[in-house]
Amino acid sequence: MIPIRQKNLARLIALNPTNMSRNIKNLKEANIVQVSGAGITVLNPEALNTYLD
């Protein structure tokens with residue numbers, strides 16, 4: 001669990017919030033992450049590594 005909101009994460013990694021939302025949506029649809037008000041949980045770290053490559 002990463003206890004951070006999407007817009008703050010976007011700022012940290014220098015993405016605009018629109019692109020961050022689009023990427024998070026894709027990751028959620030692929031069941032790689034789960035997003036809640038408290039943060040982002042990585043459900044499948046291996047798939048996340050593949051997505052990021």
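**Figure 1. Ile40 in strand 2 of the predicted model.** Ile40 is buried in this predicted model, with a relative accessible area of 4%. That value lies under the 20% cut-off, so Ile40 counts as buried. The residue is found in strand 2, which covers residues 39-42. Ile40 and Arg5 are 35 residues apart along the chain, yet 7.8 Å separates their C-alpha atoms. Ile40 is also one of the residues of the largest nonpolar core.

**Figure 2. The largest nonpolar core.** Seven residues make up this core: Met20, Ile24, Leu27, Ile32, Val33, Ile40 and Leu48. Helix 2, residues 17-29, gives the most to the core, namely three residues. Strand 2 holds Ile40, and helix 3 holds Leu48. In soluble globular proteins, nonpolar side chains tend to be buried together.

**Figure 3. Helix 2 and its two faces.** Helix 2 is 13 residues long and spans 18 Å from its first C-alpha to its last, close to the 18 Å expected at 1.5 Å a residue. Its buried residues are Met20, Ile24 and Leu27. They sit on the same side of helix 2 because they cover an arc of only 60 degrees around the axis. An α-helix has 3.6 residues a turn, so residues three or four places apart point the same way. The face turned away from the buried side of helix 2 carries the exposed residues Thr18 and Glu29.

**Figure 4. Asn31, after helix 2.** Asn31 follows helix 2 and is placed in the loop between helix 2 and strand 1. Its phi is positive, about 55 degrees, although Asn31 is not a glycine. Most residues other than glycine have a negative phi. Asn31 is exposed, with a relative accessible area of 56%. Exposed residues are those over 50%, so Asn31 falls in that class.

**Figure 5. The hairpin of strands 1 and 2.** Strand 1, residues 33-36, pairs with strand 2 in the antiparallel sense, over four bridges. The two strands are joined by a hairpin through two residues. Val33 has Val42 of strand 2 as its bridge partner. Ser36 stands opposite Gly39 in strand 2. Val33 belongs to the largest nonpolar core, as does Ile40.

**Figure 6. Val42 and its contacts.** Val42 lies in strand 2 and is partly exposed, with a relative accessible area of 31%. Since buried means under 20% and exposed over 50%, Val42 falls in between. Leaving out residues up to four places away in sequence, Val42 touches Ile32, Val33 and Leu48. These three contact residues are listed among the members of the largest nonpolar core. Val42 and Lys28 are 14 residues apart in sequence, and their C-alpha atoms are 9.6 Å apart in space.

**Figure 7. Leu48 in helix 3.** Leu48 lies in helix 3, residues 45-52. With a relative accessible area of 18%, Leu48 is buried. Buried means under 20%, so Leu48 meets the cut-off. Apart from neighbours within four places in sequence, Leu48 is in contact with Leu27, Ile32 and Val42. Leu27 is one of the buried residues of helix 2, while Val42 comes from strand 2. Leu48 and Ile32 are 16 residues apart in sequence and 6.2 Å apart in space, C-alpha to C-alpha.

**Figure 8. The whole protein chain, for orientation.** The protein chain contains three helices and two strands. Along the sequence, these elements follow the pattern α-α-β-β-α. Of the 53 residues in the protein chain, 21% are buried. The chain exposes about 3900 Å², and 53% of this area is supplied by carbon and sulfur atoms. Among contacts in the protein chain with a separation of 6 or more, 38% are between residues 24 or more positions apart.

Definitions and conventions. Residues are numbered from 1 along each chain as its sequence is written. This is a predicted model: local features need pLDDT of at least 70, side-chain atom pairs count only at pLDDT 80 or more; totals for chains, interfaces and linings use all residues. Side-chain values use heavy atoms; hydrogens and water are left out. A nonpolar core is a set of buried Ala, Val, Leu, Ile, Met, Phe, Trp, Tyr and Cys residues joined through side-chain atoms within 4.5 Å. Buried means under 20% relative accessible area, exposed over 50%, partly exposed in between (1.4 Å probe, protein chains only). Contact means heavy atoms within 4.5 Å. Accessible areas come from the Shrake-Rupley method with a 1.4 Å probe; for residues, only the protein chains shown count as cover. The expected span of a helix is 1.5 Å times one less than its number of residues. The arc is that of the directions from the helix axis to the C-beta atoms. Two strands pair if DSSP finds at least two bridges between them.
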